[in-house]
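Good morning, and thank you for coming. I would ask you to look at the sequence and the structure on the screen while I speak.

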Amino acid sequence: MRNDEDGGLALIERLDRLLPQTQCGQCGYPGCRPYAEAMSRSEAGVDHCPPGGDAGARALAHALGVPARPYDRSRGAHKPPQVAVVVEADCIGCTKCIQACPVDAIIGGAKHMHVVIEPLCTGCELCLPACPVDCIVLLPATAVEATA
Ligand code: SF4
Ligand code: SF4
Ligand code: SF4
C-alpha cells in the first residue's frame with residue numbers, strides 16, 4: 001500500500017513537472033497539479049493543456065505509456081510566452097487583479113497603482129477579465145525582456 005502511494009505521488013510529480021505551470025485552468029482543472037493528479041488516476045487524457053501544446057501532450061503520453069495525440073485545440077490556442085503589464089495611468093487600484101492571479105505575481109495596495117512582477121507572471125490571462133477598467137495588457141515575454 002505504502003509503495004503504491006509512493007508510486008502514485010512519484011507519477012503525479014513527474015506529470016506535474018512536464019506541465020508548463022501556467023496555472024491558467026484551460027485543462028478544466030484549477031491548476032497544473034490537479035490536472036496531473038487526474039491524469040495519474042486515468043481520469044483525464046493527455047491532450048488538455050494548450051500552453052504545453054503538441055510537444056507537451058507527447059511528453060505526457062510518453063510518461064503514462066499511452067498513445068500520443070495532439071492537444072485539444074478546442075481548449076485554446078498554443079501561444080508563445082507572454083506576460084501581463086499594467087497600464088499605469090489607467091489603474092484605479094481596485095486589487096481585483098491580485099485576487100485573480102494564481103501565482104501572486106501582482107503587487108500593489110488598495111487605491112494604488114498595481115504592478116506585475118514579470119519573472120513570476122505565467123501569462124495565464126486570468127487577471128485580464130478581472131480588471132474593471134481593462135488596463136492590463138499582455139505582451140510577448142521577449143518584448144518585455146528587451147525593454148527591461
Ligand atoms: S492548461 Fe496546462 S498550464 Fe493551464 S493549468 Fe492546465 S495544465 Fe496548467
Ligand atoms: S499577472 Fe495576470 S497573466 Fe500574470 S500570472 Fe498573474 S493573473 Fe496570470
Ligand atoms: S484590476 Fe486593474 S484597475 Fe484594479 S488594481 Fe488591477 S490593474 Fe489596477
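Let us begin where the two domains meet: five residues of domain 1 are in contact with seven residues of domain 2. On the domain 1 side of this meeting, one residue is nonpolar, four are polar and none is charged. Please keep in mind that we are looking at a predicted model.

Where do the domains lie in the sequence? Domain 1 covers residues 2-75, and domain 2 covers residues 82-147. Their centres, taken over C-alpha atoms, are 27 Å apart.

I turn to the protein as a whole. Its C-alpha atoms fill a box of roughly 55 × 30 × 25 Å along the principal axes. The protein has six helices and four strands, and their order along the sequence is α-α-α-β-α-β-β-α-β-α. Of the 148 residues, 26% are buried. If we take the contacts between residues at least 6 apart in sequence, 55% of them join residues at least 24 apart.

Next, the interior. Which residues of the largest nonpolar core touch the most other members? This core has 13 residues, and the ones in question are Leu15, Leu19, Tyr35, Ala36, Met39, Cys49 and Leu60. Three elements each give two or more residues to the core, namely α1 (2-18), α2 (32-40) and α3 (53-64). The most come from α2, which supplies four residues. Alanine 36 offers a detailed view: apart from its neighbours within four places in sequence, its contacts are Ile12, Leu15, Asp16 and Leu19.

A second core, separate from the one just described, holds eleven residues, among them Cys101, Ile106, Cys121 and Cys131.

Some of these cysteines return when we come to the ligands. Around ligand 2 there are 14 residues, and the closest are Ala84, Cys101, Cys121, Cys124 and Cys127. How does the shell around ligand 2 divide by residue character? Eleven of its residues are nonpolar, two are polar and one is charged.

Ligand 3 is likewise surrounded by 14 residues. Here the closest are Cys91, Cys94, Lys96, Cys97 and Cys131. The shell around ligand 3 consists of ten nonpolar residues, three polar residues and one charged residue.

To close, I would leave you with two places to revisit on the screen: the core to which α2 gives four residues, and the shells in which Cys101 is among the closest residues to ligand 2 and Cys131 among the closest to ligand 3. Thank you for your attention.

Notes. Residues are numbered from 1 along each chain as its sequence is written. Chains are lettered from A and ligands numbered from 1 in the order in which they are written. This is a predicted model: local features need pLDDT of at least 70, side-chain atom pairs count only at pLDDT 80 or more; totals for chains, interfaces and linings use all residues. A residue is near a molecule or strand if its C-beta atom, placed from the backbone, lies within 6 Å of it. Ala, Val, Leu, Ile, Met, Phe, Trp, Tyr, Cys and Pro count as nonpolar, Asp, Glu, Lys and Arg as charged, and the others, Gly among them, as polar. A residue is buried if 20 or more other C-beta atoms lie within 10 Å of its own, exposed if 12 or fewer, and partly exposed in between; C-beta atoms are placed from the backbone. Domain bounds come from an automatic or database domain assignment. A nonpolar core is a set of buried Ala, Val, Leu, Ile, Met, Phe, Trp, Tyr and Cys residues joined through C-beta atoms within 7 Å.
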